[in-house]
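Me: I'd like to go through the charged pairs and one helix packing in this model. Can you take me through them?

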Amino acid sequence: MATRLAVVSFLNTRPLVHALETGRIEHHFDLAYDVPSRCAERLHSGETDAALIPSIEIARGDVPYSIVPEVSISSRGPVRSVLLLHRRDPADIRTLALDVNSRTSAVLSRILLQKRYRCRPDVLHMPPDAGRMLNRADAAVIIGDAALAVDTTSCRVIDLGEAWTELTGLPFVYACWAGRSGALDLGQIRQLIRAKVLGVREIPAIAANCATSHSRSAEFYADFMGNKIRYDFGEAELEGLNLFFRYAHETGSIGKIPIIRFYAQS
């Protein structure tokens, strides 16, 4: 029986699953694609065995989750796909529209507005349409492919990855592979790590393919996946994730700070 694996359907995940999709790695995963919020819901409800989930959702499961080591979707500096668009000075933002697909970035935006600008806006949740969001609110958070399509020269923008690193000096972890204890065996853990390694090597080809069906150039997507997004999970990422959980708890977004557990590699 195949192990069910929920995969975020954004472009930034392509290097993590490319080798699984193309047969470079033989596997027994059943891949199902969805937006980040739905991947988290599938894992919480038991609809999937493991998932690429928004990092904040590690703190929201009914049971402790384990993380696949060495793999994340993260940034250290500008990320380009997690944006806060605003029409007022950040300190004066009173209403914030959040992308309904977002979980982690929604919490990140509120942490940064509070800690950097002493701002605690009222929030509403909307589909990722920048114009409609800014018609309803002073600022909007848009993530993923919708954010990549935003013309950042035509509006005021805070790149939330850049803002986090400026505040903390650390990387920010947006998502990681996670599941219940025992959901993945040792071979599958190694396959997911190996898939990342092979996928990162193939970023130029993945970017060229993305450009055939999206609005930007191959060079844009290669820069995004090769330079803006980071796919490793090391000590700095662990430190950044622990700090994020502490800030999320301080600001009331999670009830307790989770202990970060990794699947064993041997």
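**Salt bridges and a helix pair**

Reply: Sure, starting with one pair: E57 and R103 join their side chains in a salt bridge, 3.2 Å from N to O. The term salt bridge takes in a side-chain nitrogen of Lys or Arg within 4 Å of a carboxyl oxygen of Asp or Glu. This is a predicted model, where local features need pLDDT of at least 70, side-chain atom pairs count only at pLDDT 80 or more, and totals for chains, interfaces and linings use all residues. Residues are numbered from 1 along each chain as its sequence is written, and side-chain values use heavy atoms, with hydrogens and water left out.

Me: How many salt bridges does that rule give?

Reply: The rule asks for a Lys or Arg nitrogen within 4 Å of an Asp or Glu carboxyl oxygen. Counted that way, the number of salt bridges is 19.

Me: Is E57 buried or exposed?

Reply: Buried means under 20% relative accessible area, exposed over 50%, and partly exposed in between (1.4 Å probe, protein chains only). E57 has a relative accessible area of 1%, so E57 is buried.

Me: Which residue does R230 meet in a salt bridge, and is that partner buried or exposed?

Reply: R230 itself is partly exposed, at 32% relative accessibility. Its side chain meets that of E237, with 3.1 Å from N to O. The relative accessible area of E237 is 5%, so the partner, E237, is buried.

Me: How far apart are the closest N and O atoms of K228 and D223?

Reply: Both residues are partly exposed: K228 has a relative accessible area of 22%, and D223 has 29%. They form a salt bridge, and the closest N and O atoms are apart by 2.5 Å.

Me: Why do α8 and α9 count as oblique to each other?

Reply: Helices here are DSSP runs (H or I, at least four residues), numbered from the N terminus. Axes are lines fitted to C-alpha atoms over the stretch in contact, with angles running from 0 to 180 degrees between N-to-C directions. Under 35 degrees is roughly parallel, over 145 roughly antiparallel, 65 to 115 roughly perpendicular, and the rest oblique. Helix α8 (residues 203-211) packs on helix α9 (residues 218-228) with axes 8 Å apart and an angle of about 135°, so the two are oblique.

Me: Which residues in α9 do those in α8 meet?

Reply: Contact means heavy atoms within 4.5 Å. From α8, I203, I206, A207, A208, C210 and A211 take part, and in α9 they meet A218, Y221, A222, M225 and G226.
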